[in-house]
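Dear colleague,

I am handing over the model we spoke of, and below it you will find what came out of going through it. Please read the notes with the structure open beside them.

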Amino acid sequence: KEINAGGGLLGRPLELYIEDTASNESVAVGNVRKLIQRDKVDMVLGGITSSMRNAIKDPIVARGKTLYIYPQLYEGKECTPYLFCTGPTPAQQCDTFIPWLIKNGGKKFALPSANYVWPHTLNVYARKVIEDNGGEVVFEEYYPLDQVDFSATVNRVISNKVDVVFNTVIPPGVGPFFKQLYEAGFLKNGGRLACVYYDENTLNINQANEIEGLASC
């Protein structure tokens, strides 16, 4: 409203069209086609995961020749005409953060992860930075996006005396995972939680005591 009241953008009023991806790639592709073919939008903004971005970018940029801005952190290595990624890449997430975690957490890392493209690619980079700085990856595991029982993973963290849980499990699993780690005494025993995507939008997923000391960047 403020932009339009001030004359719009390049003399044209802005119009907002909203479609729900429903966190479902098939639904998202259909709804994105509506934006491109029916509504003839000039720009698309959105797609919360890299797998979603990869699903919807073809109808937007390859077929639709429409500007697409993806605003989330992501794994890098994206070079597609009309597509601009504005979030941080693994180097920006890891090069300073991981040495800090080793200094302020410990050298033994676990990499519990959601099973899709961003965690896989990020962990390749993270593992290298961990090992280059004298750390050790005790284990690296991948889980379905909707998994909520992490008892086996928590047992591995505790039994292997992991210092830092470098998490890329995403909602809905991350809340139960952090809660189960807390209940197993991970934080009480000096463990450090780390999660590069955690911000004010995710702080209400867990009780404060369940994520005390969580480090993000």
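A residue is called buried here when its relative accessible area is under 20%, exposed when that value is over 50%, and partly exposed in between. By that rule Y82, at 38% relative accessibility, counts as partly exposed, because the value falls in the middle range. Please keep in mind throughout that this is a predicted model.

Y82 lies in the loop between β2 and β3, and its phi is near 75 degrees, a positive value in a residue other than glycine. A positive phi is also found at S23, near 50 degrees, again in a residue other than glycine; S23 sits in the loop between α1 and α2 and, with a relative accessible area of 67%, is exposed. On the backbone there is also a cis peptide bond to note, from P171 to P172, with omega near 10 degrees, and P172 belongs to the loop between β6 (164-166) and α8.

As for the chain overall, it has 8 helices and 7 strands, and its C-alpha trace spans about 60 × 35 × 30 Å along the principal axes. Of its 217 residues, 43% count as buried, while the chain exposes about 11,900 Å², of which carbon and sulfur atoms supply 52%. Among contacts between residues at least 6 apart in sequence, 60% join residues at least 24 apart.

Helix α3 deserves a closer look. How far apart are the end C-alpha atoms of its 13 residues, and what span should one expect? At 1.5 Å a residue, residues 50-62 should span 18 Å, and the ends are 17 Å apart, which agrees. The helix nevertheless has a kink of about 45 degrees at I56, shortly before the proline P59. Its buried residues are S50, S51, M52, R53, I56, K57, P59, I60 and V61, so that both I56 and P59 are in the buried set under the cut-off of 20%. The cover over these buried residues includes α2 (25-38), β1 (43-45), β2 (67-70), β3 (83-85) and α6 (117-132).

In the loop between β1 and α3 one finds T49, which is buried, with a relative accessible area of 14%. Leaving aside neighbours within four places in sequence, T49 is in contact with Y70, Y116 and I170. T49 and V117, although 68 residues apart in sequence, have C-alpha atoms 8.9 Å apart in space.

Turning to charged side chains, those of opposite charge can pair when their charged atoms come close. A search of the whole structure finds 13 salt bridges, and three of these pairs are described here.

The side chains of E78 and R53 meet in a salt bridge of 3.1 Å, N to O. This pair links distant parts of the chain, with E78 in the loop between β2 and β3 and R53 in helix α3, 25 residues apart, and both E78 and R53 are buried.

D132 and K128 form a salt bridge as well, at 2.8 Å, N to O. Both residues lie in helix α6, 4 residues apart, which is about one turn of the helix, and both D132 and K128 are exposed.

The third pair is E210 with K179, whose side chains meet at 3.2 Å, N to O. Here too distant parts of the chain are linked, since E210 is in the segment after β7 (192-194) and K179 in helix α8 (residues 174-183), 31 residues apart. Which of the two, E210 or K179, is buried? E210 is buried, with a relative accessible area of 7%, whereas K179 is partly exposed, at 36%. Salt bridges that share partners also join R53, K57, E75 and E78 into one network.

Finally, the surface carries a nonpolar patch formed by I3, L9, L10 and L14, with about 450 Å² of accessible area together. Within that patch, I3 is found in helix α1 (residues 2-5) and is partly exposed, with a relative accessible area of 47%.

With best wishes

Definitions and conventions. Residues numbered from 1 in each chain as written. Predicted model: local features only at pLDDT ≥ 70, side-chain atom pairs only at ≥ 80, totals over all residues. Heavy atoms only, no water. Helix = DSSP H or I, 4+ residues; strand = E, 2+ residues; numbered from the N terminus. Expected span 1.5 Å × (residues − 1). Bend = angle between axes of the 7 residues up to and from the residue. Buried < 20%, exposed > 50% of the residue type's maximum accessible area, 1.4 Å probe, protein only. Contact = heavy atoms within 4.5 Å. Patch = residues over 30% accessible without salt bridge, like charges linked within 9 Å, V, L, I, M, F, W, Y side chains within 5 Å. Areas by Shrake-Rupley, 256 points an atom, 1.4 Å probe, with all protein chains shown as cover. Salt bridge = Lys/Arg side-chain N within 4 Å of Asp/Glu carboxyl O.
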